[in-house]
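Biologist: I would like a close look at a single part of this model. Please take one helix and work outward from there.

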Amino acid sequence: MSRRKCIFIIVDGLGDLPIPAFDNCTPLEAARTPTLDRLAAAGVYGPIDPMGLGITPNTDSGTGMLLGMFPADAESLKRGPVEAAGARLVLRDGDVALRANFASIQPAKTGFVVTDRRAGRVRHDAVELGCAIRQLDLGDGVSAQFRNTEQHRGVLVLSGPGLSAAITATDPGEVPLPAPLPECQALEPAAGRTAEKVNLFTRMVREVLEKHPVNATRAAAGMQTANCVIVRGAGAPVSLRNVITGMGLSAALVSGCNTVRGLGRIFGFEIITDPRFTADVDTDLDAKMLAALAALRQHDLCFLHIKAPDICAHDRQPEAKRQFIERLDKAMVPLLRQDLVTALAADHSTDSNTGMHTADPVPALLHRPGSTMRVTVVKFGEKSCGEGTMPRQTSSAFLQRVLEYTL
């Protein structure tokens, strides 16, 4: 059976809440988006719940559903193994992988407090800092392997006997800062050894980073020091089923985000990356679009992941998010001339007022060339999608609808 080719754009954190400075419009609603408006008017559009009604997704879970993860597998998805796959680290049986962040901490009356979970989104300095903690011996045959991925992000892999992923995070999470630096704790007796090794890793890394010349330079310049590594999402090696590959379809993924690349590798997609493809506002949107269109010569479906709107919202910069959405809209103009099914959705909403993910539905659209114009004018956004031409549904249901449109 012959299928139409499909480009599926995942805009990380696209959904938002009303912004007072935008007359209580969201950044998407405040942005000028003639391309999105035209695709929505000629196609279908509406709200989707990434993980289900009232559930707040993370990037890995929300994106995983759009990429074709089976809903029943969502509970087994842990961030650590995903980050390891993105960094091309091969996990062996018994290894434990964790998502890691460079962070800024300060001494407190008892222990330390985290003042910035991302160390000011440390970027170029992260490479040199990462090299200083690349391989550490934690004793008792346990080693720690660290790789920085992009900006403040990284992955930690523990290898050795008697390890367990049943441990808590040392990342305080999305809470008001400063917040106490948590100690890793075992969730079951067999994980006590692993928790001890994580806490030892934290202490060893803190000693190395506190003395590092890069942090001395950053402190002298009034910048946040990346003097700690915090971790979360511990997991063992995992394999996940995928709806798309299970149907015998071929998929590619264009992304500058390590987490998303990791998901794509686990699912068996071709990963297309380039130094110009970043996980920030400086990403080359035109180059990404060209790469995605080129990938469709060999594949049935190509996912194009865009991270920057989520970054802007986490940093509470709604104006930057609005401006980036307008750039994305311009980069999508070539799609109007393609004989392709075009889908667009988000992994979750990120509130630019608070900088946190929310459980709100995200706006989505689906367009097939030759579709009859259903409405004459659409301003694509959260409010219009709430009254759109496509019923509210989960990400999994939306992906099934996308695949049906290719027939």
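What covers the buried residues of H10?

Modeller: A caution comes before the details: this is a predicted model. The cover over the buried residues of H10 includes strands and a helix. The strands are S1, S10 (251-254), S11 (270-272) and S12 (301-306). The helix is H12 (318-331).

H10 runs over residues 285-295. Of its 11 residues, 8 are buried, so the helix is largely enclosed by the rest of the structure. The buried ones are Leu285, Ala287, Lys288, Met289, Ala291, Ala292, Leu293 and Ala295. Lys288 is thus on the buried list, along with Leu285 and Met289. The cut-off for buried is under 20% relative accessible area.

Now the start of the helix. Asp284 caps the N-terminal end of H10. One of its side-chain oxygens lies 3.3 Å from the backbone nitrogen of Asp286.

Next, the core. In soluble globular proteins, nonpolar side chains tend to be buried together. The largest nonpolar core here has 81 residues. Phe8, Ile9 and Phe398 touch the most other members. H10 gives the most to this core, with 7 residues. Apart from it lies another core, of 31 residues. Leu156, Leu158, Leu163 and Ile167 are among its members.

Phe398 deserves its own list. Not counting residues up to four places away in sequence, Phe398 touches Phe8, Ile48, Ala343, Leu344, Ala345, Ala364, Leu365, Leu366, Met390 and Gln393. Phe8 appears there too, and it is another of the residues that touch the most core members.

From S1, which helps cover H10, the chain leads on to Thr26. This residue lies in the loop between S1 (6-11) and helix H1 (27-30). Thr26 has 2% relative accessibility, so it counts as buried. Its side chain makes a polar contact with the side chain of Glu382, at 2.6 Å. Leaving aside neighbours within four places in sequence, Thr26 is in contact with Asp16, Leu17, Pro18 and Glu382.

Then the empty space. Rolling a probe the size of a water molecule over the atoms shows where such space is left. The structure holds 1 cavity of 30 Å³ or more. About 50 Å³ of space lies in the largest cavity. Its lining is Arg3, Arg4, Cys6, Leu249, Asp300, Leu301, Leu403 and Thr406. By class, that makes 4 nonpolar, 1 polar and 3 charged residues. Cys6 belongs to S1 (6-11), and Leu301 to S12 (301-306). Both strands are part of the cover over H10.

Two arginines round off the tour. Arg123 is found in the loop between strand S4 (112-116) and helix H5 (125-132). Its relative accessible area is 29%, so Arg123 is partly exposed. The side chain of Arg123 makes a polar contact with the side chain of Asp282, at 2.8 Å. Not counting residues up to four places away in sequence, Arg123 touches Gln151, Thr278, Asp280 and Asp282.

Arg265 sits in helix H9 (residues 258-267). It is partly exposed, with a relative accessible area of 23%. Beyond four places in sequence, Arg265 touches Ala85, Gly86, Arg88 and Ile271. Ile271 falls within S11 (270-272), one of the strands that cover H10.

Conventions: Residues are numbered from 1 along each chain as its sequence is written. This is a predicted model: local features need pLDDT of at least 70, side-chain atom pairs count only at pLDDT 80 or more; totals for chains, interfaces and linings use all residues. Side-chain values use heavy atoms; hydrogens and water are left out. Helices (H or I, at least four residues) and strands (E, at least two) are DSSP runs, numbered from the N terminus. Buried means under 20% relative accessible area, exposed over 50%, partly exposed in between (1.4 Å probe, protein chains only). A polar contact is a pair of N or O atoms within 3.5 Å; within protein, one must be able to donate a hydrogen and the other to accept it, and residues adjacent in sequence count only if both atoms are side-chain atoms. Contact means heavy atoms within 4.5 Å. On a 1 Å grid over the protein atoms alone, a cavity is a set of points where a 1.4 Å probe fits but cannot get out, and a pocket is an open set with protein on both sides within 12 Å along at least five of seven lines; lining residues have an atom within 4 Å of a point. Grid points are joined across faces, edges and corners, and a volume is the space filled by probe spheres set on the points. Ala, Val, Leu, Ile, Met, Phe, Trp, Tyr, Cys and Pro count as nonpolar, Asp, Glu, Lys and Arg as charged, and the others, Gly among them, as polar. A nonpolar core is a set of buried Ala, Val, Leu, Ile, Met, Phe, Trp, Tyr and Cys residues joined through side-chain atoms within 4.5 Å.
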